[in-house]
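Hi everyone, thanks for coming. Please have a look at the structure on the screen, and then I'll walk you through a few places in it.

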Amino acid sequence: MSQTQTEEPMSHRQVLEALSGLLLALFVAMVSSTIVSTALPKIIGALNGTQTQYTWVVTATLLAATATTPIWGKLADLYSKKILVQVSIVIFVLGSMISGLAQNTGELIAARAFQGIGVGGLQALVQVVIAAMIPPRERGRYNGYLGGVMAVATVGGPLLGGVIVDTSWLGWRWCFFVGVPVAVIALVVLQKTLHLATIKRDNVKIDYLGATLIAAGVSVLLIWVSFVDGSFAWLSWQTAVMVAAGLVLLALAVWVESRAAEPVVPLGIVAQRTTALSILASLAVGMAMFGGAVFLGQYFQIGRGYTPTEAGLLTIPLMAGVLISSIVVGRLITQTGRIKPYIVAGTIVLVAGFAALATIDHETSLVFVSGAMLLVGVGVGMSMQNLVLAVQNTVPLKDIGAASSTVAFFRSLGGTIGVSVLGAVLARRVTSNITESLAAAGVQAPAGGSKTSNLNLNALPEAMQHIVRAAYGDATGHIFLVSACIAVVGVIAALFMRPAMLRSTLDLSAAKPAEATDETVGASR
């Protein structure tokens, strides 16, 4: 993607003014994902939704954002970046309003998917605009603002969601409405402060077909995972049709990507050893992290009986681990120049954290749970962003954008798959636990039980409430065992990566092959 230039260099004050609007927009986009993590049990309970629908409220946004992010990036090469940012804010606002007005879980899932298109635009375009607005050598001084926004959104989102649903005069719908005025303010600020020249690339090609095929193939397989063994059997015509359709769509996507002028997933870069292993590790870390984190709020509320606000506070060790380890390890990497040892250590710590969480049930000590969450957070902080850094230091300068976006694309895709797969596993386990407990206790299920969600505990008889809490508390450990197994793939991928070091040159020497060893790349230090 070609770099654009502003009409005139912006002063520090002008940059800060425009940056304030961009960071506000990015903040509400990030909060829209984290704010529902502690509020979802109340939301799905109020709408009488199922565990599968609980999962898809999250998956729909992730999938839409993942599929559209590369398209927004390519559109930025054709049209005004300012207008594109504003369009994505408008889509986000509309999606938020419709989500808040949803009358059932089907409407909420559809609205969240629409909202995800706007989130994908903001995630892609904020970075593009910052790159166009600030020269590379000065960009570092503004990274602190970006990091601060991400930290506040990550830690504050769950807490804000908990407070909103616990406040009687607000209610869960304000989890979606609360970001609207902030997004509108961002829209106004950007209209007044952001002034970028529109420089078009004449030869840009947008791979709509490739992005559509990837999203469609993954969606079909995720829908199959959500409903198999519930609505239909593993060995059934529905399974055969959905799996075959998903695989055919993904095979067509590979064929299209191999022939596209500017593919969403550049196969030539993906085939390189470091990039391929980083993608594999990112998939594993994304599946484990996103999949596991989404269900912690549910564990604390449904399995342990805490309020949404308390659940938000109880997840702080996870977020703190991510923030602290990413800052500390980032400085260590800068000092030593070495990347691989921290990635390997991070993935091992991640496995250890999930292995510890795999032992929890509805009576486990909160001190133990907090310690395990801290380990998971530390593991993610040490590995997730550094996988991108390893790729950036082993590909030529001309391929850095494509390689970095590809790793981020697969990490987000891994998160989408993780949420869906782990949600399906949890739903099966909870149903099984409840059925066994009812049979053992001789408790009669409530009449018309199919109309009452298990997540709506207040609508259930007292005896059923205890059984449902125990079922969710005990089943959550099972999905963390699956997360630990997935994270092991990340360890294996990290071990087989070549030793990555920070290079002192901006680009690889033309004499070195693209897949040169990282020791050679860093030798000039």
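Let's begin with helix H4, residues 81-101, which gives the most to a nonpolar patch on the surface, with three residues. Helices here are DSSP runs of H or I with at least four residues, numbered from the N terminus. The patch is formed by Val90, Leu94, Ile98 and Phe114, and together they have about 320 Å² of accessible area. That area comes from the Shrake-Rupley method with a 1.4 Å probe, and for residues only the protein chains shown count as cover. To join such a patch, a residue needs over 30% relative accessible area and no salt bridge, and nonpolar side chains (Val, Leu, Ile, Met, Phe, Trp, Tyr) are joined within 5 Å.

A word on where this comes from: this is a predicted model, where local features need pLDDT of at least 70, side-chain atom pairs count only at pLDDT 80 or more, and totals for chains, interfaces and linings use all residues. Residues are numbered from 1 along each chain as its sequence is written, and side-chain values use heavy atoms, with hydrogens and water left out.

Now compare two residues of H4. Val90 sits in this helix, and so does Val85. Which of the terms buried, partly exposed and exposed fits each one? Buried means under 20% relative accessible area, exposed means over 50%, and partly exposed is in between, with a 1.4 Å probe and protein chains only. Val90 has 39% relative accessibility, so it counts as partly exposed. Val85 has 1%, so it counts as buried.

Val85 also takes us inside. It is listed with Leu22, Leu40, Ile43, Ile89 and Met133 as having the most contacts inside the largest nonpolar core, which has 99 residues. Helix H5, residues 105-133, supplies the largest share of this core, 12 residues. Apart from it lies another core of 27 residues, including Phe300 and Met373. By a nonpolar core I mean buried Ala, Val, Leu, Ile, Met, Phe, Trp, Tyr and Cys residues joined through side-chain atoms within 4.5 Å. In soluble globular proteins, nonpolar side chains tend to be buried together.

The chain folds back on itself here: Val85 and Leu22 are 63 residues apart along the chain, and their C-alpha atoms are separated by 8.6 Å. Val165 and Ile43 are 122 residues apart along the chain, with C-alpha atoms 8.5 Å from each other. Val165 lies in helix H6 and, at 12% relative accessibility, counts as buried.

How many salt bridges are there? The count comes to one, where a salt bridge is a side-chain nitrogen of Lys or Arg within 4 Å of a carboxyl oxygen of Asp or Glu. Asp166 pairs with Lys42, and their closest N and O atoms are 3.7 Å apart. Asp166 lies in helix H6 (residues 143-166) and Lys42 in helix H2 (residues 36-46), so the pair ties together parts 124 residues apart in sequence.

Last stop: the aromatics. The whole structure has five aromatic pairs. Rings of Phe, Tyr and Trp (its six-membered ring) pair if their centres lie within 6.5 Å; planes under 30 degrees apart are stacked, over 60 edge-to-face, and the rest tilted. Trp172 and Phe176 have ring centres 6.3 Å apart and planes at 90 degrees, so this pair is edge-to-face. Both Trp172 and Phe176 are buried.

Thanks for listening!

How values were computed. Helix = DSSP H or I, 4+ residues; strand = E, 2+ residues; numbered from the N terminus. Patch = residues over 30% accessible without salt bridge, like charges linked within 9 Å, V, L, I, M, F, W, Y side chains within 5 Å.
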